[in-house]
Amino acid sequence: MTIVYQEVHQVDLLKMPGVVYCEFEKGDCIIRQGELVETIYYLQSGSCYRCTITDKGEEIIYGIKESNDFVKSLLGVLIIFTDGYSNNNFIAQSKCVCYKIPKKVFMEYVSDKPDILKKLLYMAMEEYRELNSSFQSRQEGKVANRLCNLLLKNAKIKDGRLLVNKTYSNYGEISKFL
């Protein structure tokens, strides 16, 4: 039922006027930190990460976006409910197939869809809690707990074994999440 529901929303939205197909290669910046977001992107395939470059030039990764859930595959969608300027970069982690959706088109589309708006609110609160947890872990010196949580949260069970996502197999990459 959920898959059919997601596919219906996906097809309806992608057929709206102004929606354009686009592709990004690994390393391309899909949305730039500091830019005014007039369009959002629906990530049909591939993955990207959301990060911030600090004043000191350090990259902090807040999360990975994958093309496995309709609402969570919308890049930049929460930005359009703020002042419209992105605080983050969205960088392609692999080849990404996307649809570029004008803000006005998306807002018109969701205006009579409380189910999607509810999922967006849930996603916003999930990201808020994650950010709060990250800040608290750093303040309290509990980064090791956060590391364990990150690895377990993103692990998958295969053949009765818990496997860590390969994204988290490099010390440099892991440190950007903490």
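In the predicted model, the sulfur of C51 lies 7.5 Å from the closest cysteine sulfur, that of C29, which is too far for a bond. A disulfide would require the two sulfur atoms to be within 2.5 Å. C51 is buried, its relative accessible area being 1%.

A search of the whole structure returned zero disulfides. C22 likewise takes part in no disulfide; its nearest cysteine sulfur belongs to C98, at 5.1 Å. C22 is also buried, with a relative accessible area of 15%, a value that falls under the 20% limit for that class.

Four strands form an open sheet in the order β1-β8-β3-β6, and their pairing is antiparallel. The edges of the sheet are occupied by β1 (20–24) and β6 (74–75). Each of these strands has a single partner, so one side of each is left without a neighbour in the sheet.

Within the sheet, strand β3, comprising residues 39–45, runs antiparallel to strand β8, comprising residues 96–102. Six bridges join the two strands. In this pairing T39 has P102 of β8 as its bridge partner.

Helix α2 spans residues 103–110 and lies across three strands of the sheet, β3, β6 and β8. The helix runs at about 80 degrees to β8.

Methods. Residues numbered from 1 in each chain as written. Predicted model: local features only at pLDDT ≥ 70, side-chain atom pairs only at ≥ 80, totals over all residues. Heavy atoms only, no water. Buried < 20%, exposed > 50% of the residue type's maximum accessible area, 1.4 Å probe, protein only. Pairing = 2+ DSSP bridges. Contact = heavy atoms within 4.5 Å. Axes fitted to C-alpha atoms, helices over the stretch in contact; angles between N-to-C directions.
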